[in-house]
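Here are a few quick notes from going through this one. Have the model open while you read.

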Amino acid sequence: MADSNEQSWWRRSRFLAFVALVAGGVLSVLALILPLPDFGHVLGLPFATFAATIGAPVIAALAIFWLADRQSRLDRTHGYYED
């Protein structure tokens, strides 16, 4: 049987992965709903198109960096890291 430190690390890692998946799902649903209303135009494009093409990659990159940082902190807290 694994020690309590390893069990705690797995439990917190699974929770972090679950949070990332739920957040990604919510953002995906919002990306489908956002184009429905007409919010006006930005640079000649409908606002929803502008927000999706500019915002989606930025949000995805920020989410990846956030997830990597949180996992790194978790690894260091439990002693699973490389020097």
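1. Let's begin with Arg 14, which is exposed at a relative accessible area of 53%; the cut-off for that label is over 50%. Arg 14 sits in helix α1. Bear in mind that this is a predicted model.

2. Arg 14 also has company: together with Arg 11, Arg 12 and Arg 70, Arg 14 forms a patch of positive charge on the surface. Which helix gives the most to that patch? Helix α1, spanning residues 4–33, with 3 residues.

3. On to salt bridges, and how many does the structure hold? Just 1. The partners are Asp 69 and Arg 73, whose side chains meet at 3.1 Å, N to O. Both belong to helix α2 (residues 47–78), and because they are 4 residues apart there, about one helical turn separates them.

4. How open are the two ends of that bridge? Asp 69 has 35% relative accessibility and is partly exposed. Arg 73, at 47%, is partly exposed as well. Neither label is "exposed", since that would take a relative accessible area over 50%.

5. Last stop, Phe 50, another residue of helix α2. Buried or partly exposed? Phe 50 comes out as partly exposed, at 22% relative accessibility; buried would need a value under 20%. Setting aside neighbours within four places in sequence, Phe 50 is in contact with Val 42, Leu 43 and Gly 55. When you look at Phe 50 in the viewer, those three residues are the contacts to pick out.

Conventions: Residues are numbered from 1 along each chain as its sequence is written. This is a predicted model: local features need pLDDT of at least 70, side-chain atom pairs count only at pLDDT 80 or more; totals for chains, interfaces and linings use all residues. Side-chain values use heavy atoms; hydrogens and water are left out. A salt bridge is a side-chain nitrogen of Lys or Arg within 4 Å of a carboxyl oxygen of Asp or Glu. Helices (H or I, at least four residues) and strands (E, at least two) are DSSP runs, numbered from the N terminus. Buried means under 20% relative accessible area, exposed over 50%, partly exposed in between (1.4 Å probe, protein chains only). Patches are made of residues with over 30% relative accessible area and no salt bridge: like charges are joined within 9 Å, nonpolar side chains (Val, Leu, Ile, Met, Phe, Trp, Tyr) within 5 Å. Accessible areas come from the Shrake-Rupley method with a 1.4 Å probe; for residues, only the protein chains shown count as cover. Lys and Arg count as positive and Asp and Glu as negative; His and the chain ends are not counted. The place of a charge is taken as NZ of Lys, CZ of Arg, CG of Asp or CD of Glu. Contact means heavy atoms within 4.5 Å.
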